[in-house]
Amino acid sequence: MSISEQEVLLSMIQQYYMPAQVITGTNCIQEKSMLLKSLGQKALIVTGRQSARLNGSLEDTLAALKTNGQDYALFDQVMSNPTIACVYAGADIARSEKVDFVIALGGGSPMDAAKAIALLACQDIPEEALFSGTYGKEVLPMVLVPTTAGTGSEVTQYSVLTNDRLQTKTTLSAPHLFPRYAFLDARYTLSLPYITTLNTAMDALSHAIEGMLTKRASGITDILAAESIRKIFSCLRILSEEKPPTLTERDQLLQAAMLGGMVIANAGTTAVHALGYSLTYFKGIDHGRANGLLLASFLSFVEKTRPERVAQILKQTGLLSTAAFKAEMDRLLGAKEPLSTDEIVRYCDIAMKTRSIANSLVSPGIEDLMAMFRNSIRV
Ligand code: NAP
Ligand code: FE
């Protein structure tokens with residue numbers, strides 16, 4: 001880097017904000033149960049339909065609440081890619097049960113739902129205004145416990161909901177949606193099947209790589225992203241269906257996913273997430289896989305204009321070129337889903353309207369998006 005480039009960077013004002021207190025380690029919920037005490041007398045526990053009962057997170061949380069003499073209600077109806085109806089139903093329970101705070105146990109879906117529930121429990125917001133951001137700051141305090149290693153939602157201010165009105169997934173985003181506490185205990189992720197482990201790792205990788213390819217990337221988010229990419233790649237290289245990750249590897253993935261969340265909390269995402277939402281909404285493709293399918297094409301697209309930036313990312317992966325990156329992603333992703341030209345046009349039209357396109361370091365036009373899609377799936 002020349003002196004003048006360094007000077008330009010040093011003269012730029014940068015800031016970073018992520019107010020959640022993060023607690024990590026085996027049995028951290030029970031060991032640090034006293035932290036929950038100040039949040040109130042009664043919790044709403046928000047989960048998916050099954051996994052929290054099986055991975056130990058619900059049992060540990062109930063034990064922690066019992067130690068503190070705190071009461072709880074359970075909302076265990078969160079589906080993957082939670083709907084608007086689901087979060088209003090959860091908020092109704094929060095109100096009728098008069099809870100003081102919310103605890104989410106699960107992947108991104110229960111964590112994101114919990115954020116919207118915590119907001120809707122305090123404020124009467126009609127559905128039409130839900131994504132407007134034009135409401136007050138009142139929100140119930142939140143405790144998030146990730147049981148997948150992917151979304152990093154435990155350290156973001158985003159709640160991604162399925163938006164049938166716009167036929168896509170829309171993000172609620174506000175500074176008061178950051179949780180109070182995030183508890184990371186990798187034991188809860190031991191029960192994840194291979195495919196969910198892979199797909200969620202792809203989401204985390206996508207957050208870190210996309211974060212480096214946004215206009216809002218900073219020196220701080222770059223450091224977080226680089227470490228996240230390094231950790232994920234070292235796990236992806238040895239991930240196989242036959243040999244599940246060890247607890248140490250699971251912990252590495254969980255930490256990497258959190259770092260990815262810390263990246264997008266400040267840098268945001270790019271065209272990859274914008275396009276990926278249509279693959280999930282219309283084709284039912286898992287969120288992480290949808291991003292994974294598009295990542296290599298986006299990297300190649302940006303490389304044409306900003307090769308030095310892409311080289312910084314590749315350096316963390318240990319791969320020498322975008323072609324090698326694509327080959328590695330193809331190996332991990334296996335057979336790809338087919339898409340018709342009409343579908344591609346429709347999904348690109350939807351993506352073009354999102355903020356993530358403008359936030360991309362190199363903003364793609366509609367033709368670029370269509371080319372990215374063609375290179376990412378089976379046409
Ligand atoms: P998920 O939809 O939360 O969970 C996927 C599946 O994994 C569910 O069937 C779930 O079962 C199961 N599961 C969860 N933990 C498990 C465990 N420990 N063992 C076995 N199975 C387990 O998937 P996700 O990828 O974590 O989250 C995706 C959502 O997050 C999407 O809606 C996406 O848009 C959003 N997202 C949010 C952000 C953000 O910053 N807020 C960032 C990226 C993505 P149960 O249903 O029984 O729990
Ligand atoms: Fe994501």
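## A tour of the iron site and the ligand 1 pocket

Begin by selecting H207, which counts as buried because its relative accessibility, 2%, falls under the 20% limit. Keep in mind throughout that this is a predicted model. Next, add D203, which is likewise buried, with a relative accessible area of 3%. Both residues sit in helix α8, spanning residues 194–212, where they are 4 residues apart, or about one turn of the helix.

Now display the iron ion, ligand 2, whose protein donors are D203 through OD and H207, H273 and H287 through NE2, at distances of 2.2 to 2.3 Å. Along the chain, these donors follow the spacing D-x3-H-x65-H-x13-H. If you turn the view around the ion, the angles among the 4 donor atoms run from 80 to 164 degrees, and the site is classed as irregular.

Move on to ligand 1 and show its surroundings, which comprise 30 residues, the closest being S51, S80, S109, T148 and Y188. Among the polar contacts to pick out, an oxygen atom of ligand 1 lies 3.3 Å from a side-chain N or O atom of N81, an oxygen atom of the ligand is 2.8 Å from a polar backbone atom of G108, and a nitrogen atom of the ligand is 2.8 Å from a side-chain N or O atom of T147. Of the 940 Å² of accessible area that ligand 1 has on its own, the protein covers 86%.

Finally, colour the elements that give two or more residues to this shell, namely α7 (108–120), β6 (158–163) and α8. Helix α7 provides the largest share, 5 residues. Colouring by class instead shows 19 polar, 6 nonpolar and 5 charged residues around ligand 1.

Note on methods:
Residues numbered from 1 in each chain as written. Chains lettered and ligands numbered in written order. Predicted model: local features only at pLDDT ≥ 70, side-chain atom pairs only at ≥ 80, totals over all residues. Heavy atoms only, no water. Donors = N, O, S within 2.8 Å, 3.2 Å for Na, K, Ca; no water. Tetrahedral: all angles 85-135°; square planar, octahedral: opposite > 155°, others 65-115°. Buried < 20%, exposed > 50% of the residue type's maximum accessible area, 1.4 Å probe, protein only. Near = heavy atom within 4 Å. Polar contact = N/O pair within 3.5 Å; in protein donor to acceptor, adjacent residues only side chain to side chain. Areas by Shrake-Rupley, 256 points an atom, 1.4 Å probe, with all protein chains shown as cover. Nonpolar A, V, L, I, M, F, W, Y, C, P; charged D, E, K, R; others polar.
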